[in-house]
Amino acid sequence: MSTQELTRSAVNFKVARSNLLLVVVLTVVNIFLLAFGTEFNLLFSATIPQLITAFGVGIADEIGSGAIAVIAVVIALAATSVYLICWALSKRTRIFILVALVIFSIETIVFLIVTLGGLIVGLFSFWTVIELAFHGWILYYLVIGTIAWSKLSKVTAEQIDAAQTQLQNMEASSALDDISDGEGE
């Protein structure tokens, strides 16, 4: 694998992990927004934890038991923590990016089922299209990250060292070019 391919794979893997962390952060924010009964909701988060929270809060409101809402929030946070665990573990054990892809694929299927149900009863909106695009975006980057993981798993330590040396030499050469351009000033 060339230095350029190795670098591209490493960057793709890092971007996939960053997008996974974005899902976690925005989902946690949405869980608390739902739990506190705000009408505001951030886009770009996982659907299943939000459904769990909304269901629990709805039941809690019906029967007047805040404990059910708390239990729903805890379950939703636990469901979201699976993505956080995949993100954390994928730094050292890269296969967890594939685990995150599988779980988010299931998440997307649930989102599509809920969306189709909403279409049937006339609850479709522009924001649904945006949310669908977000799910597609995350799936795309998780696929790219999984492909990068596959490529990086075949790279030896010597290849990584050689690529790092070559990149350092290119950076040093570029820095020297910058210095030599300013000599006459």
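**Note on an all-helix predicted model**

1. Of the protein's 185 residues, 30% count as buried (under 20% relative accessible area, 1.4 Å probe, protein chains only). This is a predicted model, in which local features need pLDDT of at least 70, side-chain atom pairs count only at pLDDT 80 or more, and totals for chains, interfaces and linings use all residues. Residues are numbered from 1 along each chain as its sequence is written, and side-chain values use heavy atoms, with hydrogens and water left out.

2. The protein has 6 helices and 0 strands, in the order α-α-α-α-α-α from the N terminus (DSSP runs: H or I of at least four residues for helices, E of at least two for strands). Its radius of gyration, 22 Å, is well over the 16 Å of the globule rule for 185 residues, so the protein is more spread out than a compact globule (C-alpha atoms; rule: 2.2 Å times the number of residues to the power 0.38). The C-alpha trace spans about 75 × 45 × 35 Å along its principal axes.

3. Among contacts with a separation of 6 or more, 66% join residues 24 or more positions apart (contact: heavy atoms within 4.5 Å).

4. Helix α1 covers residues 3–35, 33 residues in total. From first C-alpha to last it reaches 48 Å, close to the 48 Å expected at 1.5 Å a residue (1.5 Å times one less than the number of residues). Gly-37, just after α1, takes a positive phi of about 75 degrees.

5. About 11,100 Å² of the protein is exposed, with 69% supplied by carbon and sulfur atoms (Shrake-Rupley method, 1.4 Å probe).

Technical notes: Buried means under 20% relative accessible area, exposed over 50%, partly exposed in between (1.4 Å probe, protein chains only).
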